[in-house]
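Hi,

Here is the structure I promised to pass on. Have a look at it first, then read my notes below.

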Amino acid sequence: MESAIEVKDLTKSYGEITAVDHINFEVKNGEIFGFLGPNGAGKTTTIRILTGVIKPNSGTAAIMGYSILKEPLKAKQIISVVPEMANAYIDLTAWQNLMLIGELYGVPKRKRQERAGHLLEEFQLYKRRNHLARGFSKGMKQKLILCMAMLTEPQVLFLDEPTSGLDVESARLIRDVIRQYNRDGTTIFLSTHNMEEANKLCDRTAIINHGKIAAIDSPENLRMKSSSLKSVEVSFNKSVPVNELSKIPNVAQAKKIGDKIRLYTDEPHIVINRLIDHAHSKGLTIISLNTLAPTLEDVFIKLIKEHKVD
Amino acid sequence: MVEDVFLEQLKRAFAIAKKDLRIYYRRGPVVIFGLIMPFFLFLAFFIGREMQIEQLFKGLLGMTVFFSCMSIGPAIVPFEARSRTLERLVSTPVSIWAIFIGDVTASFLYGILISVVPLVIGLVLGVNISHSLVLCLGVILAAFCFASFGVLLSAYPPTDVPSTVMMISNLVKFPLVFISGIFMSIHGWGRILASISPLTYFTDLVNYCTQGNSYYSVFVDFAALIGFTLIFLILAIKIHEKTLPERLS
């Protein structure tokens, strides 16, 4: 099967507010698909629909060919979810939480015990396996929730802001594990507002805002498509007025950033030549000169702004 | 195939019941409204009155089965909605009906376990139980009926505040205690009112088993308890299914 997730015309409203507005996308089997958007964009609502927690007003969604509306049990059997809010049972131990999830997915006793032991070791929680989750730090809880999600060996794993609020070490461990399970064949649906995370992890990324998909492509293609966001960053031995450089042909915009000036252009090579000419004619020495591709963050902000205007 | 799916769902419901029992039996509202409050209510009625031991036993057993079976059920859903574990449960491959059967089973098992105490007390005090099998069946059936009623009481309003649900459930429970003939026999027009309470039929069964007299026949008592159980269970599942999206949003 080529598509792990297929979403068609999905809509969800809460009263007057449309949280998800006729969205369409497809996640290929085996890829890490990023779902990027600001707070309140519709990311969590989409995940809740795809994991069968809430029902949409209209549209369809299928996981590995199983409709989440018509065959919810079959669809849920092959997925796992790491929700945004930590929600392991705090009055159960880490081990009891894992055994409960195993029983709810019908994992045989011996297999769930073996998997639980292995996962707790992998996430450095084995020594705390008989402790109540109540006493766990946020990072430990998040690791436990990821263990719970991986216990069932899901074909598709939904992660809603999995590293939000975590320390650097825990966040890195979780990212490494996501990559590892993806290499082993798990399709990952990753909702995040962390551009760097999406950039580092995802094969493709959808950008959602106000419940609508603004763009879907690989992070690299998204950056390249936004040619107007390419820039040249220059610094001289003397202070130069920004408006002087903004008059250079092919420069769309000039901005002072610290001791440097950033010139936005869709033709960086032409601007570099003109900058060198300008420096010669004014008796200036160029101290540094860099061309910059747009970051995913630049693309994201641009798309969100365009979307607002639409 | 369908039977396999059904049995698998029942197994998963039992896993939920195990989890509920582990988590909720010692929660404050469960202990206060399920054990302490009915015990003091029992004492308030019986201390200083000259009563037959059978009358005392009927009151203690009725109160225990009724309150203990209805103590965990109303607490589970609001607690889980608040801690967002309900969302996790709903995302697992467990049917909504199986989730609530699990909750009812937990309340039932808790109630049965607690009900052993008055049964033992009754035997130690020398209560003459002439129909022990009928009494055991009656306790089991009544426990399941009250457990279903408890889960039904948490269905509406779809709140995540446990105290709100406990307050509403007490508002329903206490009037039922007074119209069901637990403390004293009910006559005249009171019988009509009593017939709408499932507790009446359990009390009647205990009367039959300990004193040999009952208002209804044993068959009617059992039929009424089965009927109430089915109504409570179906209503609980249907209303929870309807209110779940609001609870999760």
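In what order do the six strands of the open sheet in chain A come? The order is 6-7-8-3-9-10, and the pairing is mixed. Before you go further, keep in mind that this is a predicted model.

At the edges of that sheet you'll find strand 6 (79-82) and strand 10 (212-217) of chain A, each of which pairs on one side only. On average, neighbouring strands here are turned by 15° against each other, ignoring direction.

A quick reminder: strands of a sheet pair through backbone hydrogen bonds, either parallel or antiparallel. Strand 7 (residues 156-160) and strand 8 (residues 187-192) of chain A go for the parallel option, over five bridges. If you want a pair to click on, try Asp160(A), whose bridge partner in strand 8 of chain A is Ser191(A).

Two helices of chain A to look at next:

- Helix 1 (residues 43-50) packs on the sheet and touches strand 3 (32-36), strand 7, strand 8 and strand 9 (204-209). Its direction makes about 150° with that of strand 7.
- Helix 5 (residues 138-150) also packs on the sheet, touching strand 6 and strand 7, and its direction makes about 175° with that of strand 6.

Now over to chain B. Tyr25(B) sits in the loop between helix 1 (2-24) and helix 2 (28-46) of that chain. Is Tyr25(B) buried, exposed or partly exposed? It counts as partly exposed because 18 other C-beta atoms lie within 10 Å, and buried would take 20 or more. Leaving out residues up to four places away in sequence, Tyr25(B) touches Val30(B), Ile72(B) and Tyr110(B). Its C-alpha atom is 8.8 Å from that of Ser71(B), although the two residues are 46 apart along the chain.

Cheers

Technical notes:
Residues numbered from 1 in each chain as written. Chains lettered and ligands numbered in written order. Predicted model: local features only at pLDDT ≥ 70, side-chain atom pairs only at ≥ 80, totals over all residues. Helix = DSSP H or I, 4+ residues; strand = E, 2+ residues; numbered from the N terminus. Buried ≥ 20, exposed ≤ 12 C-beta atoms within 10 Å, placed from the backbone. Contact = placed C-beta atoms within 7 Å. Pairing = 2+ DSSP bridges. Axes fitted to C-alpha atoms, helices over the stretch in contact; angles between N-to-C directions.
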